[in-house]
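Ready for some practice in reading a protein structure? Work through each exercise on your own first, then compare your steps with the solution.

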Amino acid sequence: MKKTVWSMCGMCSVRCPIKVEVENGRVEWIEGNPHILKGALCAKGSAGVALIADDERPQQPLIRKGGRGAGRWEPVSWYTALDYIGEKLNKIIAQYGAKSVMMSCRGGPWADFFKTFIHGLGSPNFTNHDSGCGRNVHHASLSIYGLGRKDLIYDIKNAKHLVLFGRNILESLRIAEANQVLDMLDAGGRLTYVDVRQTMTGIKATRFFQVRPGTDYALALGLINAIIKREAYDKEFIEKYVTGFDELVEFIQPYTLEWAAKECEVKIKPLQMFVEELAGDRPRVVFHPGWMLSRYNDSFYASRSLQILNVLMGNIEVKGGQLFPKGAADCGVKGIRNLSSLITQKPADKRADGVGWKYKHFDKGPGLFHLFYDAIETGEPYPMKAMICYRHDPFNCFPDPAAQKRALDKMELLVSVDTHYSEFGWYSDVILPESAYLERESPIALQKGLKPRLIVRQKAVEPKFDTKPAWWIFKQLADRVGIGQYFPYNTIEELWAWQLEPTGYKIEDFNAKGFVELTDKPIMYDRNNLDGKFKTPSGKIELVSKVLTEAGLPSFKPYVSPIKPPEGMFRLVFGRSAVNAHGHTINNPLLYELLPYNTLWINKREASKLGINDGDWVDVISQPQEVTGTIRAKVTEFIHQDAVYMIHGFGRQIPLQTRAYHAGMADQKLQIGLLKEMDPAGGGLCLCESFVEVRRSAKNPKRSVEL
Ligand SMILES: Nc1nc2c(c(=O)[nH]1)N[C@H]1C(S)=C(S)[C@@H](COP(=O)(O)OP(=O)(O)OC[C@H]3O[C@@H](n4cnc5c(=O)[nH]c(N)nc54)[C@H](O)[C@@H]3O)O[C@H]1N2
Ligand SMILES: Nc1nc2c(c(=O)[nH]1)N[C@H]1C(S)=C(S)[C@@H](COP(=O)(O)OP(=O)(O)OC[C@H]3O[C@@H](n4cnc5c(=O)[nH]c(N)nc54)[C@H](O)[C@@H]3O)O[C@H]1N2
Ligand code: SF4
Ligand SMILES: [Mo]
């Protein structure tokens, strides 16, 4: 029997809408939802079929038998595993209070679900991955607009000029966005790309600047200076909506374009041409503020200065600029009901990571995961005893897993709810295996935009193993810890009906296209009347941020040149590949075929000094502690001489994942000491603030003979 199922991809956190063709209980075909993505799908999305077939994933709940990380598991029934967790949680809560339990998830449209669980329990300690991802960008956006990083979207398709600082948009993918870039280029738009190495995006770009690592802030400052000097900014917009412009003008004086060119090691002529183009292309210019900017100790200020460039372009709520994503209220309709609406009293305790009281300038929402390690280690402000990670692998996400393990040994219960064996899961006490996204349903989600829509993930096939969906798992756990009232359903159909009730829609309304749109026409605000849209203390776009000032932080930080790597060492930088999502797709049978291991990119001249040829094995040695890994070298001219680069996600150490086991190297394992290095203003970790030594390895066959 054949059927079409509308769903949402789960191979990465973008969650593209998909159409799945199923025949006799087997997935035969997956494509991007033709109504939204015109069928487009990436390699990872297509490899969803291999995920279902993969039997190197947990097949039933597992309780740890040996020591943590020893890999000895007892397969148990769902009820045994849930009762075990329930009893442990109840005991911990009785002794230390609910606040000693923390819950992390990978964010996204269903974060409300997990927030409800932990807040319902009475703990404020909800968190996520973002201090290793987009927190600097989020906080930079908040400091300027009072809006989070997702509260403005980019109308790339209609832009005349897209500027990307290390935003590798054609490899670190979102399908809809990548297609918009190609449409923009087809329509004659310009793409300027800045990176320390060449990428797919750089190859497609109109102009590519290969900068010295960690100098983005300098380049952005030089551009601000040149644009102000040339008076190529939107005076009217600034007059109407912006405060702090005069202070900016004063601060920017020393940071000329010529200075920036020198600092970033790029040529001045193309930079001057770039400024000329910007002057003509505005306001249809988008300076992307960055995404994965947990990199340098000034990444927050780099992102802020990119936002300042957007403000100078006057690109807000104009075609080809930055737009406000619209929600249900903008369409004059009611939105879906969220479980968190049932929680009438927020947990009274202060957060254990210090966000909201010790660090008042950070968004309280998910706080900062890495700061929990201080609390876990010291027991201050109170002891932390249980950690539940849903769709999150802290050992892949945060630096120095060995240091994390030392801290976690102080905790009594570690639970991983995951579709795979994660590195954290392998170290935890209980693994609850979630069904793969094609084997499960998810709650209805709202996707904001110019035409906001409600969208749902339906189940395409029955689970291959004894796995369960999150909506079932957390309902069961909630019942066992006395908070079942916050999960008022027994079946997914009941949950969908409960969510949809205020909207007047029924789940059957999703049958035609997999989603329902809340409006027929795109909604734009009146650009001449944006009052009330910026959520800063003053209601204006604040170039001098009141929140930063109150926290004792500068709004305009004087530039500090990044330290050059000591002789014989390199700055370790990393990024994504188009055919993998972080660590969890490395063992996927199909994607493994496409990219079985990562390599270490090294500049040709530097490699030659070290006697390293393309394809040689090299040892990479971290500092200050010596942690060594071995990896193949990719010798190329297309990387700055100060940096070496590897794709993140490899070097996994779970023996049951036979393809990924020890294939390639893990950058985070070399990032010793960086668990505590955060940008004080943005809260993002400084993951590129480490140096490594590179040596030709004894593993090379020729060398082995010599030995
Ligand atoms: N050194 C270094 N650190 C980094 C990065 C880097 O490049 N280098 N990148 C940073 C970035 S940008 C991010 S976003 C984070 C990512 O941090 P991670 O948390 O490592 O992200 P993922 O690998 O996407 O997913 C985490 C877990 O979710 C599981 N999972 C996947 N799909 C499902 C599902 O449907 N259900 C359930 N329950 N689980 C699922 C996966 O198996 C995996 O174990 O890491 C950050 N940290
Ligand atoms: N295929 C695929 N797509 C993904 C993901 C995935 O895992 N796989 N993950 C998603 C997630 S969670 C995120 S956060 C985004 C991340 O999206 P991006 O932020 O675009 O991603 P990255 O690949 O981490 O980094 C981009 C580039 O930064 C460069 N870089 C390093 N140092 C510097 C510097 O000093 N200056 C400049 N200008 N560039 C520098 C690196 O060389 C790299 O090419 O991607 C998302 N999309
Ligand atoms: S970008 Fe690719 S892997 Fe990610 S959700 Fe979309 S189709 Fe799936
Ligand atoms: Mo990310």
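**Exercise 1. Find the residue that follows helix α5 and state the sign of its phi. Then work out how much of the helix is covered.**

Solution.
- Step 1: Go to the end of α5, where G122 comes next with a positive phi, near 105°. Keep in mind that you are looking at a predicted model.
- Step 2: Mark out the helix itself, which spans residues 111–121.
- Step 3: Count the buried residues: 10 of the 11 qualify, and α5 is therefore mostly covered, with buried meaning under 20% relative accessible area.
- Step 4: Check some names. Among the buried residues are A111, D112, F113, F114 and H119.

**Exercise 2. Describe how strands β18 and β19 are arranged.**

Solution.
- Step 1: Locate the strands: β18 covers residues 442–447, and β19 covers residues 453–457.
- Step 2: Look at the connection. The two strands are joined by a hairpin of five residues.
- Step 3: Decide on the direction. The pairing is antiparallel and has four bridges.
- Step 4: Pick out one bridge, in which Q447 is partnered by R453 of β19.
- Step 5: Ask how covered β18 is. Five of its six residues are buried.

**Exercise 3. Is S294 buried or exposed, and what does its side chain reach?**

Solution.
- Step 1: Place the residue. S294 belongs to the loop between β13 (285–288) and α14 (299–313).
- Step 2: Take its relative accessibility, which is 0%; S294 therefore counts as buried.
- Step 3: Follow the side chain of S294 to the backbone oxygen of C133, at 3.1 Å.

**Exercise 4. Is M313 buried or exposed, and how far apart are M313 and V27?**

Solution.
- Step 1: Find M313 in helix α14.
- Step 2: M313 counts as buried because its relative accessibility is 0%.
- Step 3: Compare the two kinds of separation. M313 and V27 are 286 residues apart along the sequence, and their C-alpha atoms are 47 Å apart in space.

**Exercise 5. Which residues come nearest to ligand 1, and which to ligand 2? Add the polar side-chain contacts.**

Solution.
- Step 1: Begin with ligand 1. It has 28 residues around it, and R106, N396, C397, D418 and E434 come nearest.
- Step 2: Look at the oxygen contacts of ligand 1. A polar side-chain atom of R106 is 2.6 Å from an oxygen atom of the ligand, and the side chain of N396 has an N or O atom 2.7 Å from an oxygen atom of ligand 1.
- Step 3: Add a nitrogen contact: an N or O atom in the side chain of D667 is 2.9 Å from a nitrogen atom of ligand 1.
- Step 4: Turn to ligand 2, which has 30 residues around it; N168, D195, G214, R295 and N580 come nearest.
- Step 5: List contacts of ligand 2. R167 places a polar side-chain atom 2.8 Å from an oxygen atom of the ligand, Y296 places one 2.8 Å from a nitrogen atom, and the side chain of K44 has an N or O atom 3.0 Å from a nitrogen atom.

**Exercise 6. Where does ligand 3 sit, and what kinds of residues form its shell?**

Solution.
- Step 1: Identify the site: ligand 3 sits in the largest cavity.
- Step 2: Name some neighbors, including C9, M11, C12, L41, K44 and I175.
- Step 3: Sort the shell by type. Eight residues are nonpolar, one is polar and two are charged.

Methods: Residues numbered from 1 in each chain as written. Chains lettered and ligands numbered in written order. Predicted model: local features only at pLDDT ≥ 70, side-chain atom pairs only at ≥ 80, totals over all residues. Heavy atoms only, no water. Buried < 20%, exposed > 50% of the residue type's maximum accessible area, 1.4 Å probe, protein only. Pairing = 2+ DSSP bridges. 1 Å grid on protein atoms, 1.4 Å probe; cavity = no way out; pocket = protein on both sides within 12 Å on 5 of 7 lines; lining within 4 Å. Sits in = over half its atoms within 2 Å of the grid points. Nonpolar A, V, L, I, M, F, W, Y, C, P; charged D, E, K, R; others polar. Near = heavy atom within 4 Å. Polar contact = N/O pair within 3.5 Å; in protein donor to acceptor, adjacent residues only side chain to side chain.
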